[in-house]
Amino acid sequence: MTASPASSPRARDGDPPPAGRTRHTTGPGPGGGHRDGRDGPGRRNDGLPPPRAALTAGTWKEIAHLLLNLPVDLAGFVFVSVWIYSGALLSVTVVGLPVLAFGLVGCRGLGRLERARARRLLDVQIDEPTPIRRRSHGGFLPWLWATLKDPVGWRTALYFFLRLPWGAATFAVTLAALFVAWPVLPWLARGLTLADRAMVRGLLSPSDELERRIAELESDRRTVTDTASADLRRIERDLHDGAQARLVALAMDLGLAKEKLLEDPETAAKMVDEAHGEVKLALAELRDLARGIHPAILTDRGLGPALSNLAARCTVPTTITTDLPTRPAPAIEGIAYFTVSELLQNISKHSHATHATVDLWHTDDRLLIQITDNGHGGATTEGGTGLAGLAERLDSVDGLLLLDSPTGGPTTITAELPWRERDGSDERDRGTGGRGS
């Protein structure tokens, strides 16, 4: 009787069976069943790979997009044709121009749906164009003129006008391939959808760089507005909880001292002395609050001395190096100061560093700030951290935040800001402020 390879110590995975012996693949097992391609417990022979889907999920999405081309393109073609013909016929009357304008608005809506379909089925990410708002143009007639000149609406109309024959062709070819040419269907679907992707990018994307710039500026304006509102709430909270409460208590103490001035002069003098101490504390709090709004040393002496003052208050020893031939505009100077201030606070709280450096220099039209510490690293802008908020604030003024913080350190953060020269009015304001202070 021939021995089974499973009973031989030489029968291991990948080893050929001994001469004269047969490797069983589906013979009856000890319990009378089948081994289903196994030679023994935990050992599998060189059989077929496990079954898998013939078409991937991405391919099925592309097929669905191609099959939807005909109904979607037909509906868009009918809308554009009826709109163009009716608008052309009515253009000799007063009604014609509004019909054309509202038709372009409808084309924008169809383009929005088509971009959503491309995002969902083709993984094509196209930015939405800036909407045409009536209030932005100061009335109906300016809005009407801006809408009639809208390149997004006209290109969307051209897109659907050209798409009908393509949609019919892709629908017919894809439907036929599902039944008679399914082995090559993935390659066929990819080739056809590449043309669809090119059409969507070419005709349904925002108009040009100016359109994208408008969208970026609107986003930046929201960020600046939110930041300013948060700063105002912080200042109000600090005034209410700090200096205002202390001044209210001071007024009450002085009122009590006034009442005791004739009855008990010694107690009144002691209360006045305590009130004097409260005045000093209130002044210190107001000074700290003013430093948080805009420090006087930054206005009077510039970034170098102001950052040296920051480094002196930082709990981690910090070296400041500045190479600025002139002072930038006050707005850029303030943003740079508070950027360094926030990053030094992060180093003090989270880095466990023993030393940090801050370098500032000016190159071409950019102000560059690089802060390095020898802490444990691992800093990130993910998850809504303070660095993420700082990156958004820098982006709102065309700045940039670059982070290099591997686990174990060191951490290097580079901030870029646009450089703007200080003009004569800034110098006059600074001189007036210096004399007034």
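# Notebook: a first look around the model

**Entry 1, charge on the surface.** I began with the surface and found a patch of negative charge where E259, E263, D264 and E266 gather. A reminder to myself: this is a predicted model. I then picked E266 to look at individually, and placed this residue in helix α7, which covers residues 265-293. Is E266 buried or exposed? E266 has a relative accessibility of 68%, so I noted this residue as exposed.

**Entry 2, a nonpolar patch.** Next I looked for nonpolar side chains on the surface. F102, V105, F140 and L141 make a nonpolar patch there, of about 380 Å². Which helices supply the residues of this patch? I found that α2 (96-122) and α3 (140-148) each give at least two of them. V105 belongs to helix α2. Its relative accessibility is 39%, and because that lies between the cut-offs of 20% and 50%, I wrote V105 down as partly exposed.

**Entry 3, strand β7.** Then I turned to strand β7, residues 411-418, and asked how many of its residues are buried. The count came to 7 of the 8, so β7 is largely enclosed by the rest of the structure.

I also looked up the pairing partners of β7. Strand β5 (residues 366-373) pairs with β7 in the antiparallel sense, over 8 bridges. For one position to find on screen, I chose I369, which stands opposite A415 in β7. Strand β6 (residues 400-404) pairs with β7 as well, again in the antiparallel sense, and here I noted 5 bridges. On that side, L402 has T414 of β7 as its bridge partner. A general note for reading these strands: side chains in a regular strand alternate between the two faces of the sheet.

**Entry 4, the turn before β7.** I stayed with β6 and β7, since I wanted to see how they connect. They form a hairpin, with 6 residues between the two strands. In the turn, G408 has a positive phi of about 100°. Where is the cis peptide bond? I found it joining G409 and P410, with an omega of about -5°. P410 sits in the loop between β6 and β7.

**Entry 5, positive phi values.** I kept a general rule at hand: most residues other than glycine have a negative phi, and most peptide bonds are trans. With that in mind I looked up two residues.

- D123 is not a glycine, yet its phi is positive, near 55°. I located D123 in the loop between α2 and α3. With 57% relative accessibility, D123 counts as exposed.
- H352 also has a positive phi, near 55°, and is a residue other than glycine. I located H352 in the loop between α10 (330-351) and β4 (356-363). H352 is exposed, as its relative accessible area is 66%.

**Entry 6, a contact across the chain.** My last stop was L70, in helix α1 (residues 57-90). The relative accessibility of L70 is 25%, so this residue counts as partly exposed. What separation do the C-alpha atoms of L70 and A168 have? I noted 5.1 Å between them, although the two residues are 98 residues apart along the chain.

How values were computed. Residues are numbered from 1 along each chain as its sequence is written. This is a predicted model: local features need pLDDT of at least 70, side-chain atom pairs count only at pLDDT 80 or more; totals for chains, interfaces and linings use all residues. Side-chain values use heavy atoms; hydrogens and water are left out. Patches are made of residues with over 30% relative accessible area and no salt bridge: like charges are joined within 9 Å, nonpolar side chains (Val, Leu, Ile, Met, Phe, Trp, Tyr) within 5 Å. Accessible areas come from the Shrake-Rupley method with a 1.4 Å probe; for residues, only the protein chains shown count as cover. A salt bridge is a side-chain nitrogen of Lys or Arg within 4 Å of a carboxyl oxygen of Asp or Glu. Lys and Arg count as positive and Asp and Glu as negative; His and the chain ends are not counted. The place of a charge is taken as NZ of Lys, CZ of Arg, CG of Asp or CD of Glu. Buried means under 20% relative accessible area, exposed over 50%, partly exposed in between (1.4 Å probe, protein chains only). Two strands pair if DSSP finds at least two bridges between them.
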